[in-house]
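Dear colleague,

Please find below the structure that I am handing over to you, with its sequence. My findings follow directly after it.

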Amino acid sequence: MAKPFYRLQRFLRRVQMLLLFLGVAYIMAGSVLLLQRSSLVVSQRGSASLPPLPSLPSPPKAAEPQRAAPNREGNPGDPSHSRNGPRWLMSRNLEIRHLRRRWFHSLMTEQETRAERGPAHRKVGHKGTYIGCFLDDKVDRALGGTVFYDFRKMTSTLCQDTCSESGYQFAGLEYGAECYCGNRISSSRAREEDCNLDCKGEKGSPCGGVSRLSIYKVEELLPGQRRYRNVRYRGCFERPKNTTAAFLVHSVQPNLTSQSCIETCTNKELPLAVLRRPDCFCGYVSLLFTLHQRAEDKHCALANSTAPTASADRDYYQVYQTPVQDSRCTERKFLPEKSETLVALSSFPGAGNTWVRHLIELATGYYTGSFYFDGTLYNKGFKGEKDYWKSGRTICVKTHESGQREIEMYDAAILLIRNPYRSLVAEFNRKCAGHLGYASEQHWRSNEWPEFVSSYASWWASHVLDWLKYGRRVLVVHYEDLQGALFPQLRHIAAFLNVSVTEERLLCAESNQDGHFKRSGGRRQGFDPFTPEMKLMIDGYIRTVDRALRESNYTGLPQEYLPR
């Protein structure tokens, strides 16, 4: 009996080796075929351009029985009915695939363009003066001012311009994509060969290394010629009880102006400039000076006039936000331990999800994730964008999805709601011109806009209804409440996320609320893009959502949603 078993054993070993060989051969053949196809696509890019990607999504799937949706006649519909859009409207999942493909194609185009230009980038002149390579540590930064990222197009000139406009004298680049600003260098020199990484957008230009900064001295301008961005008047406020404790710097300037005080505080790398002739104070927003109780501007006008004023008016100061970023809350990281609770940050597109992610990261110090992958957001510093959304390493996960199956994947959710009129305009701007751009008048007057409203307005309503119905633990946050009372809203969100944050960090987040990823200004069309029929339909959805919120024991929609 031993002999037949021995032969059977030898036969099985040979079969096992044969199967292993066939498997390896199959994988190698597939890899060769993939490489051939990839080379064919790249070789054809010079002669044939990519087909244009649609600027608007195409129709969602017709049958989604679990998705709540009001009807399109302006009256509230049965939440069990599904939405049907015009034929050009894709499903949102297909739209995300197009977004990824667009980002990938733009990345390939940029790489090919750089390859064609070759050494031309090495001839680019720099405005400032290269100082050298310096040590950098995430705990004790060499430059302690503003920080921003661009993982695709960072150049030394871009970094220098940003730092100069923000009032800084030095610009430092690290890892080829990170830009740091400051008015003093607080670390020692490193070997020049340690700064061995090129800028992502400029080959041949030193952009630091691993924990190494390539530092430039930006082009100097006379004080009167300096032009700062992001200088903001915060208002008139009553004098704190102890100015010595509330402010870090005090200077007396007989010919004090708001510009001279702002320059003084900017040079000191402090985000607040507080003035009352002839005194100029610099410091941070703090518990001693919260800027939560603004006074009437007339008190400051009297306090800073040359005419005799009442002693009570001398206790009011004008406050300006300098271009210096409050760096007390800019450091972020992934969660040190995997979270067992998956929290969604859910909103309809255009409701301010990116802005709220920015605020949550500032307030908690942890990255936020995303159900999708948006290369533009990742390149601007949202590092959680590239992380797997179920990894448990991010504090919450962005999503625009709705429907029972998608919602029940999460243990809890922050449901962000914004006025549908403004959400529709914001999302249409994004689709036509990107995160920071505006749709042209031609877009507004085309057939795209009415078709977009017809399809997306019902989605705004069904998105809220679905999350109220299927969400396990939901915190409703109104975009307008964040704008009006940011500090208490952030504290409420942090408590919901079970994160302990200090009052100082919340004040810092409030101070840095705008960030570097927001449309500038409030560009308005010369006409109202919403027709009476559109308003009738949207107002019906607003009433439906308001009623659903109240029936679920939430506060109803803000009063400003109606009437239009």
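In this predicted model, L342 touches W389, K390, V397, M409, Y410, D411 and A412, leaving out residues up to four places away in sequence. L342 itself sits in the loop that runs between β13 (316-321) and β14 (343-347). Its relative accessibility is 14%, and because buried means under 20%, L342 counts as buried. The C-alpha atoms of L342 and A413 are 8.4 Å apart in space, although 71 residues separate the two in sequence.

Both A412, a contact of L342, and A413 belong to strand β17, which spans residues 412-417. This strand is mostly covered, with 6 of its 6 residues buried. A412, I414 and L416 point one way from β17, while A413, L415 and I417 point the other way; residues of both sets are buried.

Strand β17 pairs with two strands for which I can give details. With β14 it runs parallel, and 5 bridges join the two; within this pairing, S346 has L415 of β17 as its bridge partner. With β18 (residues 474-478), β17 also runs parallel, again through 5 bridges. There, I417 has H478 of β18 as its bridge partner.

A second buried site concerns D387, which is found in the loop between α8 (375-379) and β16 (397-399). With a relative accessibility of 14%, D387 falls under the 20% limit and therefore counts as buried. The side chains of D387 and S391 are joined by a polar contact of 2.4 Å. Beyond its neighbours within four places in sequence, D387 is in contact with F334, S370, R393 and T394.

Finally, I turn to the pockets. Rolling a probe the size of a water molecule over the atoms shows where empty space is left. The second largest pocket holds about 440 Å³ of space. Its lining consists of 21 residues, and those nearest the centre of the pocket are K138, R141, E331, R332 and K333. Which classes make up the lining of this second largest pocket? By class, 11 of the lining residues are charged, 6 are nonpolar and 4 are polar.

In short, the points to look at are the contacts of buried L342, the covered strand β17, the polar contact between D387 and S391, and the second largest pocket with its 21 lining residues.

With kind regards

Definitions and conventions:
Residues numbered from 1 in each chain as written. Predicted model: local features only at pLDDT ≥ 70, side-chain atom pairs only at ≥ 80, totals over all residues. Heavy atoms only, no water. Helix = DSSP H or I, 4+ residues; strand = E, 2+ residues; numbered from the N terminus. Buried < 20%, exposed > 50% of the residue type's maximum accessible area, 1.4 Å probe, protein only. Contact = heavy atoms within 4.5 Å. Pairing = 2+ DSSP bridges. 1 Å grid on protein atoms, 1.4 Å probe; cavity = no way out; pocket = protein on both sides within 12 Å on 5 of 7 lines; lining within 4 Å. Points joined across faces, edges and corners; volume = space filled by probe spheres on them. Nonpolar A, V, L, I, M, F, W, Y, C, P; charged D, E, K, R; others polar. Polar contact = N/O pair within 3.5 Å; in protein donor to acceptor, adjacent residues only side chain to side chain.
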